[in-house]
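User: I would like to learn how to read a helix and its surroundings in a model such as this one. Could you take me through it step by step?

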Amino acid sequence: MSEGSRKKFMFVNRKAPYGTVYALESLEVVLISAAFEQDVSLVFVDDGVYQLKKGQQTKGIETKNFSPTYRALEGYDVEKLYVERESLEARGLTEDDLIVDVSVLPAGELGKLMDEQDVVLSF
Amino acid sequence: MKLGILVNEGPYQHQASDSAYLFCRAALAKGHEIHRVFFYHDGVNNSTRLTEPPQDDRNIVARWSKLAAEHGVDLVVCVAAALRRGIKDENLAPGFRISGLGQLVETGIQSDRLVVFGD
């Protein structure tokens, strides 16, 4: 396959936004993938759903609040954001708690989506 | 099959780097091609030549260098992740090169499979 090809890239975000650097550095790859004009989708499962939580305040831990970047994804044509229903419910969250519009899907549906991807990167 | 490899964890702290290395060796032995190994997150710490493990332990960094020398495997370290962690050209082990995240995306595009090793 040539470099100019378009593949389906899925980023699976599983970790809380702070505490480890995975979420921040995952977002950096997402933006690069979009620049390469790939078919990009993002999935948020487990504590990864907290990455999209409204009202993040990070001053106390002297860490950059990067959550506004998720709102900028639309500008990079990254519009496919999926959140696992079970992960939201287990944490007492609803779609209204999230800073961006997402599709909330049960685990089984997400599994099917993953099956359709060319490249799955989990962070 | 053409394989791309992503290593997301540092050496010694985590099994991921060992597993990725052993996977590469096994894949090459079976006649597969390793298109590139990309080091990201703390995985960039696999590339510093300042690493000095005890004599009776495996030398993870030297092992990667040897793999590159023997099989021409392209070992690429993410520049942003590397600079955050004090990895620069001057302390890079043989066989590694520092480049951008575009190299990871390109591996995803060009490989038949991208295999991720991480937590």
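User: On the other side of H1(B), which residues are exposed?

Analyst: Bear in mind that this is a predicted model. Exposure is judged from how many other C-beta atoms lie within 10 Å of a residue's own, with 12 or fewer counting as exposed and 20 or more as buried. On that side of H1(B), B:Leu22, B:Ala26 and B:Ala29 are exposed, whereas B:Ala16, B:Ser17, B:Ala20, B:Tyr21 and B:Cys24 of this helix are buried. Seen down the axis, the buried residues fall within an arc of 135°, so they line one face of the helix.

User: What covers the buried residues of H1(B)?

Analyst: The cover includes strands E1 (2-7), E2 (33-39) and E5 (113-117), together with helix H2 (60-71), of chain B.

User: Why does the end-to-end distance of helix H1 of chain B agree with its number of residues?

Analyst: A helix is expected to span 1.5 Å times one less than its number of residues. The 14 residues of H1(B), 16-29, should therefore span 20 Å, and the end C-alpha atoms are indeed 20 Å apart. After the helix comes B:Gly31, with a positive phi near 90°.

User: How many residues does each chain bring to the contact?

Analyst: Chain A brings 17 residues and chain B brings 15 residues. On the side of chain A that touches chain B, H1(A) gives the most, with six residues, and by class that side has nine nonpolar, four polar and four charged residues.

Definitions and conventions:
Residues are numbered from 1 along each chain as its sequence is written. Chains are lettered from A and ligands numbered from 1 in the order in which they are written. This is a predicted model: local features need pLDDT of at least 70, side-chain atom pairs count only at pLDDT 80 or more; totals for chains, interfaces and linings use all residues. Helices (H or I, at least four residues) and strands (E, at least two) are DSSP runs, numbered from the N terminus. The arc is that of the directions from the helix axis to the C-beta atoms. Two residues are in contact if their C-beta atoms, placed from the backbone, lie within 7 Å. Ala, Val, Leu, Ile, Met, Phe, Trp, Tyr, Cys and Pro count as nonpolar, Asp, Glu, Lys and Arg as charged, and the others, Gly among them, as polar.
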